[in-house]
Amino acid sequence: MSATQSFWSVSQRAGEPAYRVCMSCLSEVFYLKVPMPDCPTCHGVSTYEAFTLEAIRDWGTEDLIAKAGIAQQEASLEPGPAASVKSAD
Ligand SMILES: [Zn+2]
């Protein structure tokens, strides 16, 4: 995996879950962003839907739940729009 994955950043609206799960393969999850141009696993386009971490823990595989945790950690390390959304609360 030497190629750099590009992402659309997703601005979080009030009351909307921060996680995006690929509904096609159910094995990719991202935090406030979606991969472009398509899903890196199944290459589905516009297959991502918003979920809360609680929902993912409810029905997701262990792998998906682990990925969700990693995605959130990565997002918290990156300075960017997500940080300003958080402080505006
Ligand atoms: Zn997929």
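What is the mean pLDDT of the protein chain, and what percentage of its residues reach 70 or more? In this predicted model, the mean pLDDT of the protein chain is 88, and 87% of the residues reach 70 or more. Confidence varies between the elements: β2 has the highest mean pLDDT, at 98, whereas helix α3, residues 81-87, has the lowest, at 52.

The protein chain contains 5 strands and 3 helices. Read from the N terminus, the order of the elements is β-β-β-β-β-α-α-α. Of the 89 residues in the protein chain, 22% are buried. Among contacts between residues at least 6 apart in sequence, 54% join residues that are at least 24 apart.

An open sheet is formed by 3 strands, which follow the order β3-β2-β5 with antiparallel pairing. Its edge strands are β3, residues 29-31, and β5, residues 48-51, each of which pairs on one side only. On average, and with direction ignored, neighbouring strands of the sheet are turned by 30° against each other.

Strand β2 covers residues 19-22, and its antiparallel pairing with β3 extends over 3 bridges. Two of the residue pairs can be named here. Arginine 20 has phenylalanine 30 of β3 as its bridge partner, and valine 21 has valine 29 of β3. With β5, β2 pairs in the antiparallel sense over 4 bridges. Cysteine 22 stands opposite tyrosine 48 of β5. The side chains of β2 are divided between two directions: Tyr19 and Val21 point one way, Arg20 and Cys22 point the other way, and all are buried.

The connection between β2 and β3 is a hairpin, with 6 residues between the two strands. Leucine 26 is located in this loop. Its phi is near 55°, a positive value in a residue other than glycine. Leucine 26 counts as partly exposed because it has 17 C-beta neighbours inside 10 Å, a number between the limits of 12 or fewer for exposed and 20 or more for buried.

The loop between β4, residues 33-36, and β5 includes proline 40. Proline 37 and histidine 43 also belong to the loop between β4 and β5. Methionine 36 and proline 37 are joined by a cis peptide bond, with omega at about 5°. Proline 40 is partly exposed, because 14 C-beta neighbours lie inside 10 Å. When neighbours within four places in sequence are left aside, the contacts of proline 40 are with Gln5, Glu28 and Pro35. Proline 40 and glutamate 28 are 12 residues apart along the chain, and their C-alpha atoms are separated by 8.1 Å. Histidine 43 has a phi near 60°, which is a positive value in a residue other than glycine. Because histidine 43 has 11 C-beta neighbours inside 10 Å, this residue counts as exposed.

Helix α2 has 16 residues, and the distance from its first C-alpha to its last is 23 Å, close to the 22 Å expected at 1.5 Å a residue. The buried residues of α2 are Leu64, Lys67, Ala68 and Ala71. Seen down the axis of α2, these buried residues fall within an arc of 105°, so they line one face of the helix. Exposed residues are found on the other side of α2, namely Glu62, Ala66, Ile70, Gln73, Ser76 and Leu77. The cover over the buried residues of α2 includes β2, β3 and α1, the last of which spans residues 53-59.

The pairing of β2 with β3 is antiparallel, over 3 bridges. Helix α2, residues 62-77, packs on the sheet and touches both of these strands, β2 and β3. The direction of α2 makes about 25° with that of β3.

Methods
Residues numbered from 1 in each chain as written. Predicted model: local features only at pLDDT ≥ 70, side-chain atom pairs only at ≥ 80, totals over all residues. Pairing = 2+ DSSP bridges. Axes fitted to C-alpha atoms, helices over the stretch in contact; angles between N-to-C directions. Contact = placed C-beta atoms within 7 Å. pLDDT = per-residue confidence, 0-100. Expected span 1.5 Å × (residues − 1). Arc of directions from axis to C-beta.
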